[in-house]
Amino acid sequence: MGKLYVFDHPLIQHKLTYIRDKKTGTKEFREIVDELAALMAFEITRNLPLEEVEVETPVSIAKSNVLAGKKLGIIPILRAGLGMVDGILKLIPTAKVGHVGLYRDPETLQPVEYYVKLPSDINERELIVVDPMLATGGSAIEAIHSLKKRGAVNIKFMCIIAAPEGIEALQKAHDDVEIYVAGLDEKLNEKGYIVPGLGDAGDRLFGTK
Ligand code: URA
C-alpha cells in the first residue's frame, strides 16, 4: 500500500488554516498556495540522496554535498495543480514540468485525458504529481496511470487537502505511490466537495466561478 505522510510542520498547518477561510481572497489564496507548495517541497525532498564534492572556498578546500541521483519532474494536474508549480520551482529550479489535463465524462463520470505533455526522460525522473485537492481520487489515479503508460516508474503524489475516500482509492489503484498531504479531512459531500475542505481550489486560485 502506498504510504501516506501528513505534513505536520507548524508553518504548513498555519497557512492551511488561512486558505480554508472563505474570506481569503484570490490574491492571498494564490500566494499562500504558492508558499505551501514550497514548504511541502522542502519536506518531500528531505531524503534526496547527496554526494560529496570538493569546493574551493576563499580560505581552503571544503568537502561538501550536492544532490545526487535522479532528477526531478513536477506534474501538475490541470487546472488547479498549476497553482503549486512555482512554489516548488523556487526550491528546485532545475525540475522539469509536465502537464496532464483531464475532464470528467458527463455520462460515465470517469476522468478522460485531454492533454498530456511531459519531459522526454520521465522514466529517469523522480516525479511529483501535484493537485491541491484529492477528492474521489479519480483524476490522480488517471493522471498517474497516464504517466506509467508513458514509462514513469518513480512517482509521488502531493496535495494540500485530501479526503479519506481519495486516499483509499489512490492507495488501492497505485500501491507504489507515496502520498503527501497537509490536511486530511473528514469526508466528501454529495457534490464531491471535501468537507470541511476549502471549496473549489481552481476557482479560488484563478478567481473564476
Ligand atoms: N476539488 C476541489 O477543488 N475542491 C473539493 O472540495 C473537491 C475537489
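Is Ala-169 buried, partly exposed or exposed? Ala-169 is partly exposed, because its relative accessible area is 25%, and the buried class requires a value under 20%. Before continuing, I should state that the model under discussion is a predicted one.

Let me remain with Ala-169 for a moment. This residue belongs to helix H5, which covers residues 164-173. If neighbours within four places in sequence are set aside, Ala-169 is in contact with Thr-136 and Ile-141. As for Ile-77, the C-alpha atoms of Ala-169 and Ile-77 are 17 Å apart in space, with a separation of 92 residues in sequence.

I turn next to Gly-138, which is located in helix H4, residues 138-149. Gly-138 has a relative accessible area of 22% and is therefore partly exposed; the cut-off for buried is under 20%. From Gly-138 to Arg-104 the C-alpha distance is 9.1 Å, and the two residues are 34 apart in sequence.

The third residue is Asp-185. Asp-185 occupies the loop that runs between strand S11 (178-184) and strand S12 (187-188). Is Asp-185 buried or exposed? With a relative accessibility of 9%, Asp-185 counts as buried, since the class takes values under 20%. The side chain of Asp-185 makes a polar contact of 2.7 Å with the side chain of Arg-20. Arg-20 also appears among the residues that Asp-185 touches, once residues up to four places away in sequence are left out. The others in that list are Ile-161, Ala-162, Pro-164, Ile-194, Val-195, Pro-196 and Gly-197.

One of these contacts, Ile-194, leads us to the ligand, as Ile-194 is also among the residues around the ligand. Which residues complete that set? They are Met-133, Ala-135, Gly-192, Tyr-193, Gly-199, Asp-200 and Ala-201. The ligand itself sits in the largest pocket.

I would now draw attention to the polar atoms of the backbone. A backbone N or O atom of Ile-194 lies 2.7 Å from an oxygen atom of the ligand. For Gly-199, a backbone N or O atom is placed 2.7 Å from a nitrogen atom of the ligand. In the case of Ala-201, a polar backbone atom is 2.7 Å from an oxygen atom of the ligand. How much of the ligand's area does the protein bury? Taken alone, the ligand exposes 240 Å², and the protein buries 81% of that.

To close, I return to Asp-185: this buried residue pairs with Arg-20 through its side chain and touches Ile-194, a residue with a backbone atom 2.7 Å from a ligand oxygen.

Methods: Residues numbered from 1 in each chain as written. Predicted model: local features only at pLDDT ≥ 70, side-chain atom pairs only at ≥ 80, totals over all residues. Heavy atoms only, no water. Helix = DSSP H or I, 4+ residues; strand = E, 2+ residues; numbered from the N terminus. Buried < 20%, exposed > 50% of the residue type's maximum accessible area, 1.4 Å probe, protein only. Contact = heavy atoms within 4.5 Å. Near = heavy atom within 4 Å. Polar contact = N/O pair within 3.5 Å; in protein donor to acceptor, adjacent residues only side chain to side chain. Areas by Shrake-Rupley, 256 points an atom, 1.4 Å probe, with all protein chains shown as cover. 1 Å grid on protein atoms, 1.4 Å probe; cavity = no way out; pocket = protein on both sides within 12 Å on 5 of 7 lines; lining within 4 Å. Sits in = over half its atoms within 2 Å of the grid points.
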